[in-house]
Amino acid sequence: MAGQGTPATALLAKRRIGHRTHPYDVSPDAPNYGALVAAALGVPPERVFKSLVTEVDGALTVAVVPVTGELDLKALAAAVGGKRAAMADRAVAERATGYVRGGISPLGQRRRLPTVVDASALDHPTVYVSAGRRGLQVELAPTDLVALTDATTAPIAGGG
């Protein structure tokens, strides 16, 4: 399985974007999953980002926030010019992205969804996001992540 590509890694290769993949072994049902992934990778947790599928005024939107915090739904809605944001239903998120919970990547989604990356990503030389499969992260420059997802950057993470 470790050698198989994902739509996310295929996109990175096709665009010739510098990146590294990092396998890890953490149960997706473990409490504090993000912190455990960061520990398994041996990197500071503020450099590991989770991709959350939300609905802003009824439109699916991806929020990419550090695993050290929570998504501020009001800030997300404001970042995309909406009024109200809520977490999307898991089945809806999986169907729209083509990925399963615990492996949703902001890259290479089935349907390209509007994306907002927390501004803190730009504070790091590289960040880690799901490579599109549970147990695999991809490390890339935050500017490449923003460019590939055509993302907006805004402070959308709240305290953890």
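**Entry 1. Pocket lining**

I began with the largest pocket and asked which elements line it: helix 2 (33-41), strand 2 (49-56) and helix 4 (90-97) each supply at least two residues of its lining. The model I am reading is a predicted one. Among the contributors to this lining, I found that strand 2 gives the most, with five residues.

I then looked up the volume, and the largest pocket holds about 580 Å³ of space. Its lining comprises 30 residues, and those closest to the centre are Lys50, Ser51, Leu52, Arg101 and Gly102. By class, I recorded 14 nonpolar, 10 polar and six charged residues in the lining.

**Entry 2. Whole chain**

I next turned to the chain as a whole, which has five helices and 10 strands. Along the principal axes, I found that the C-alpha atoms fill a box of roughly 40 × 30 × 30 Å. For 160 residues, a compact globule would have a radius of gyration near 15 Å, and the 14 Å of this chain agrees with that. I also noted that buried residues make up 49% of the 160.

**Entry 3. The five-stranded sheet**

In which order do the five strands of the open sheet stand? I read the order as 5-2-3-6-9, with mixed pairing. Strand 5 (85-87) and strand 9 (152-154) are at the edges; each has a single partner strand, so one side of each is left without a neighbour in the sheet. On average, neighbouring strands of this sheet are turned by 35 degrees against each other, direction ignored.

I followed the pairing inward. Strand 2 runs antiparallel to strand 3 (residues 59-66), and eight bridges join the two. I looked up two of the partners: leucine 52 is bridged to alanine 63 in strand 3, and valine 56 is bridged to alanine 59 in the strand 3 segment. Leucine 52 had already appeared in my first entry, among the residues closest to the centre of the largest pocket.

The hairpin of strand 2 and strand 3 has two residues between the strands, and in it I found aspartate 57 with a positive phi near 50 degrees.

How many of the eight residues of strand 3 are buried? I counted seven of the eight as buried, and the strand is thus noted as mostly covered. On the way to strand 6 (residues 115-118), the sense changes to parallel, and I recorded three bridges between strand 3 and strand 6. Valine 64 has valine 117 in strand 6 as its bridge partner.

**Entry 4. The three-stranded sheet**

I then examined an open sheet of three strands in the order 1-8-7, with antiparallel pairing. Strand 1 (19-23) and strand 7 (127-133) take the edges, each with a single partner strand, so one side of each has no neighbour in the sheet. The average turn between neighbouring strands of this sheet is 35 degrees, direction ignored.

Strand 7 and strand 8 (residues 136-140) are joined antiparallel over five bridges. Within this pair I located tyrosine 128, which stands opposite glutamate 139 in strand 8.

Leucine 136 also belongs to strand 8. Is leucine 136 buried or exposed? I found a relative accessible area of 5%, which lies under the 20% limit, so leucine 136 is buried. I also looked up its separation from glycine 102: the two are 34 residues apart in sequence, and their C-alpha atoms are 9.9 Å apart in space. Gly102 is listed in my first entry, among the residues closest to the centre of the largest pocket.

**Entry 5. Positive phi in loops**

I finished with two loop residues. Arginine 16 is found in the loop between helix 1 (7-14) and strand 1. Its phi is positive, about 55 degrees, although arginine 16 is not a glycine. With a relative accessibility of 78%, arginine 16 counts as exposed, because the limit for exposed is over 50%.

Where does aspartate 150 lie? I placed aspartate 150 in the loop between helix 5 (142-149) and strand 9. Phi is near 50 degrees for aspartate 150, again a positive value in a residue other than glycine. At 60% relative accessibility, aspartate 150 counts as exposed.

How values were computed: Residues numbered from 1 in each chain as written. Predicted model: local features only at pLDDT ≥ 70, side-chain atom pairs only at ≥ 80, totals over all residues. Heavy atoms only, no water. 1 Å grid on protein atoms, 1.4 Å probe; cavity = no way out; pocket = protein on both sides within 12 Å on 5 of 7 lines; lining within 4 Å. Points joined across faces, edges and corners; volume = space filled by probe spheres on them. Helix = DSSP H or I, 4+ residues; strand = E, 2+ residues; numbered from the N terminus. Nonpolar A, V, L, I, M, F, W, Y, C, P; charged D, E, K, R; others polar. Pairing = 2+ DSSP bridges. Axes fitted to C-alpha atoms, helices over the stretch in contact; angles between N-to-C directions. Buried < 20%, exposed > 50% of the residue type's maximum accessible area, 1.4 Å probe, protein only. Rg over C-alpha atoms; globule rule 2.2 N^0.38 Å.
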